[in-house]
Number of protein chains: 2
Amino acid sequence: MSESKAKGTKDARKVPMRDFSQSLPMALLRAREAVMRQFRPNLRAHGLTEQQWRILRALAAVDAIEVTELARVAFLLGPSLSRILRDLEARGLIARETDARDLRRGVLSISTKGLKLIAQVAPNSEAIYASIARRYGARKLAALHKMLDELEQSIGTDGETDVDADE
Amino acid sequence: MSESKAKGTKDARKVPMRDFSQSLPMALLRAREAVMRQFRPNLRAHGLTEQQWRILRALAAVDAIEVTELARVAFLLGPSLSRILRDLEARGLIARETDARDLRRGVLSISTKGLKLIAQVAPNSEAIYASIARRYGARKLAALHKMLDELEQSIGTDGETDVDADE
DNA sequence: GCCAGAAACTTAACATGTTAATCAACTGCC
DNA sequence: GGCAGTTGATTAACATGTTAAGTTTCTGGC
């Protein structure tokens, strides 16, 4: 019933490697997609993408913030951020000015219009999150967060994981 | 020293919502990125993207497979898959033919050249994975996999999570 | 055996991810 | 005080994510 539809499934393996079922990136991707599938419709209904929403939330949490720092906080690469900021500014959801001490730096802040939009989206978004927490278990969710953080730490710390390195 | 550089950080919150630190999608994204950052250089050195690698791996594990089934297995959307298959076929890494019984269906398989490429990439890739498993802990990694699967299950099962739904 | 509707892909259009290159502004050093 | 090197940010170019529309082929009912 749930067997693969591929022909010759039985021992058709041609290379010595883990199966997808043991792929960590895949597992993380699948889990994330399952979560995001819950949020996207709500965001889309308000004309927002996931990344735009991340930026608005980050801006709403502070008075003002520089572009580079925002990229770090919202976990976006510079080029993506540049494009999105251009759009959000054009839509009047954010405001930007230049740092007087360092003309290279851009300083961003959310607009009143942006805050209103957040107020419209947040409730439903929070409810969806609560639903996930309820179904998965709040305690378990906290444990998952902890394990993900630790994974990030154990990887980020040191090691290039370069096989040919002496170490 | 490590405090936020944003001005007025203290209680600058303007909206009632969770902080990013409690965002599940962000946590999953960060963890995944930390992992992928380890693999990407190796793949890129062989002219492969993450998704192209997923497809080759999936094809190497079977004799032949249909496009739709491959999309499911490699967790890619149809449009992305179409583009990637076009490129991989042009590079001679895969072969495709049409199902004689149903001319709509495309049947894919990996080529000898594709298998050779996998053989070149896989060892290093496996070593990187082993390094992650060693640093994070094999037992813990297995537990994380389990929790991610359960998260996916608890979300995927039923519920639209629509706040306005009666349920 | 024909035709409406479904199914399997593919194309299209727009947004983001990713790396490299560019550009303007700043910093340190001589 | 001027220039090499660095930094903050954007632009460029290509690949994928995402949703909608289009194409070809099947399938079922008449």
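A polar contact here is a pair of N or O atoms within 3.5 Å; within protein, one must be able to donate a hydrogen and the other to accept it, and residues adjacent in sequence count only if both atoms are side-chain atoms. With that in hand, here's one to start with: a polar side-chain atom of B:Arg104 sits 3.0 Å from a base nitrogen of DNA strand C. This is a predicted model, in which local features need pLDDT of at least 70 and side-chain atom pairs count only at pLDDT 80 or more, while totals for chains, interfaces and linings use all residues. Residues are numbered from 1 along each chain as its sequence is written, chains are lettered from A and ligands numbered from 1 in the order in which they are written, and side-chain values use heavy atoms, with hydrogens and water left out.

**Around DNA strand C**

- There are 25 residues around DNA strand C, and the closest are A:Ser80, A:Arg83, B:Thr68, B:Arg96 and B:Gly106; a residue is counted as near if one of its heavy atoms lies within 4 Å of the strand.
- Of the strand C atoms that come within 4 Å of the protein, 66% belong to sugar and phosphate.
- Two arginines of chain B reach phosphate oxygens of strand C with a side-chain N or O atom: B:Arg40 at 3.1 Å and B:Arg105 at 3.3 Å.
- Helices H2 (50-60) and H4 (78-90) of chain A, plus H1 (24-45), H3 (67-74) and H4 (78-90) of chain B, each give two or more residues to this surface. Helices (H or I, at least four residues) and strands (E, at least two) are DSSP runs, numbered from the N terminus.
- H4(A) gives the most here, with 4 residues.
- By class, you'll find 7 nonpolar, 7 polar and 11 charged residues near strand C. Ala, Val, Leu, Ile, Met, Phe, Trp, Tyr, Cys and Pro count as nonpolar, Asp, Glu, Lys and Arg as charged, and the others, Gly among them, as polar.

**Around DNA strand D**

- DNA strand D has 25 residues around it, with A:Thr68, A:Arg96, A:Arg104, B:Ser80 and B:Leu103 coming nearest.
- Sugar and phosphate make up 68% of the strand D atoms within 4 Å of the protein.
- The side chain of B:Arg83 puts an N or O atom 2.8 Å from a base nitrogen of strand D.
- On the backbone side of strand D, a polar side-chain atom of A:Ser82 is 2.8 Å from a phosphate oxygen, and one of B:Gln51 is 2.9 Å from a sugar or linking oxygen.
- At least two residues each come from H1 (24-45), H3 (67-74) and H4 of chain A, and from H2 (50-60) and H4 of chain B.
- H4(B) gives the most to the surface near strand D, with 4 residues.
- That surface splits into 7 nonpolar, 7 polar and 11 charged residues.

**Where the two chains meet**

- In all, 76 residues of chain A are in contact with 77 residues of chain B, where contact means heavy atoms within 4.5 Å.
- The buried area between chain A and chain B is about 7700 Å², and carbon and sulfur atoms give 67% of it. Buried area is the accessible area (1.4 Å probe) that two parts lose on being put together, summed over both.
- Between the chains there are 4 salt bridges, each a side-chain nitrogen of Lys or Arg within 4 Å of a carboxyl oxygen of Asp or Glu.
- A salt bridge joins B:Glu152 to A:Arg30, with the closest N and O atoms 3.2 Å apart.
- Polar contacts across the interface come to 11 residue pairs, both residues at pLDDT 80 or more.
- On chain A, the elements giving two or more residues to the side that touches chain B are H1, H2, H3, H5 (112-136) and H6 (138-156).
- H1(A) supplies the largest share of that side, 15 residues.
- The residues on that side of chain A divide into 42 nonpolar, 13 polar and 21 charged.

**How the copies are related**

- Chain A can be laid on chain B with an RMSD of 0.0 Å by a turn of 180° and a shift of 0.0 Å along the axis, so the two copies are related as by a two-fold rotation axis. Copies are superposed by least squares on the C-alpha atoms of residues with pLDDT of at least 70 in both.
- The same surface serves both copies, as 100% of the contact residues of chain A recur in chain B.
- In chain A, A:Leu28 comes closest to the rotation axis, its C-alpha lying at 3.1 Å.
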